[in-house]
Amino acid sequence: MEDKRKEHDLHEQKGTKKKLKVIGLVLIIVGAIFTITGFVEFFIAISNLDSMEGPKLFWMLFIGLPMLGIGFSLFMMAYRGKIARYVASESAPVAKDVTNYMIDETKDSIIGVVNEIKNNKGASKPTKRACLKCGAINEIDQNFCGHCGAPLKENDK
């Protein structure tokens, strides 16, 4: 049942891609015709300043250029999967090489850090302690609080 559903989705997807390609191509062609006509007529009208007539088909640019943009967008949507697969096939080997390079170059440093942690050489001893009476922070080697004078020996627990 699930295989038939996947097959149906794949068939539907192929149909959608085909429609996007056709509609996109038609919009590109029609948009190009409108755009070229608008530009040509505009430049002809500008070059004939003697006639004092402005461009009459300039409006075609306002239709042609958006048609070109929409057409290209639809056309690219039809190929988005192929483009993504191509980019992935080009990027994946590079990512793999970078990862392997990073692992090879940092392996010794990582092993050193792990050994430091295992040997507890990386653990630091506290250098300060708080007074139980007033909460002031004092150096670890002080016997009395520098703020209130209370003995700090009880903090050694």
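Phe 42 sits at 23% relative accessibility in this predicted model, so the residue counts as partly exposed. Phe 42 also belongs to an aromatic cluster, together with Phe 39, Phe 43, Phe 58 and Phe 62. Across the structure there are six aromatic pairs. In one of them, the ring centres of Phe 42 and Phe 58 are 5.1 Å apart with the planes at 45°, which makes the pair tilted. Since Phe 42 is part of helix H1 and Phe 58 belongs to the loop between H1 and H2, this pair ties together parts 16 residues apart in sequence. Phe 58 pairs with Phe 62 as well: here the centres are 5.5 Å apart and the planes stand at 80°, so the arrangement is edge-to-face. As for accessibility, Phe 58 comes out as partly exposed at 30%, while Phe 62, at 59%, is exposed.

Moving on to helix H2, this element runs over residues 59–78, 20 residues in all. From first C-alpha to last, H2 reaches 30 Å, close to the 28 Å expected at 1.5 Å a residue. Its buried residues are Met 60, Leu 61, Gly 64, Leu 68, Gly 71, Leu 74 and Ala 78. These cover an arc of only 165° around the axis, and therefore lie on the same side of H2. That fits the usual helical geometry: with 3.6 residues a turn, an α-helix has residues three or four places apart pointing the same way. Among the elements that cover the buried residues of H2 are H1 and helix H3 (80–118).

Back in H1, which spans residues 2–47, one finds Gly 15. With a relative accessibility of 30%, Gly 15 is classed as partly exposed. Gly 15 and Phe 144 are 129 residues apart along the chain, and 84 Å separates their C-alpha atoms.

Further along the chain, strand S1 (residues 128–130) contains Arg 129. Is this arginine, Arg 129, buried or exposed? Its relative accessible area is just 9%, and because the cut-off for burial is under 20%, Arg 129 counts as buried. A polar atom of the Arg 129 side chain lies 2.4 Å from the backbone oxygen of Gln 142.

Then there is the largest nonpolar core, a set of five residues: Cys 131, Ala 136, Cys 145, Ala 150 and Leu 152. In soluble globular proteins, nonpolar side chains tend to be buried together. Within this core, Cys 145 has contacts beyond its neighbours within four places in sequence, namely with Cys 131, Cys 134, Ala 136, Asn 138, Ala 150 and Leu 152.

Definitions and conventions. Residues numbered from 1 in each chain as written. Predicted model: local features only at pLDDT ≥ 70, side-chain atom pairs only at ≥ 80, totals over all residues. Heavy atoms only, no water. Core = buried A, V, L, I, M, F, W, Y, C linked by side-chain atoms within 4.5 Å. Buried < 20%, exposed > 50% of the residue type's maximum accessible area, 1.4 Å probe, protein only. Contact = heavy atoms within 4.5 Å. Helix = DSSP H or I, 4+ residues; strand = E, 2+ residues; numbered from the N terminus. Expected span 1.5 Å × (residues − 1). Arc of directions from axis to C-beta. Polar contact = N/O pair within 3.5 Å; in protein donor to acceptor, adjacent residues only side chain to side chain. Phe/Tyr/Trp six-rings, centres within 6.5 Å; stacked < 30°, edge-to-face > 60°.
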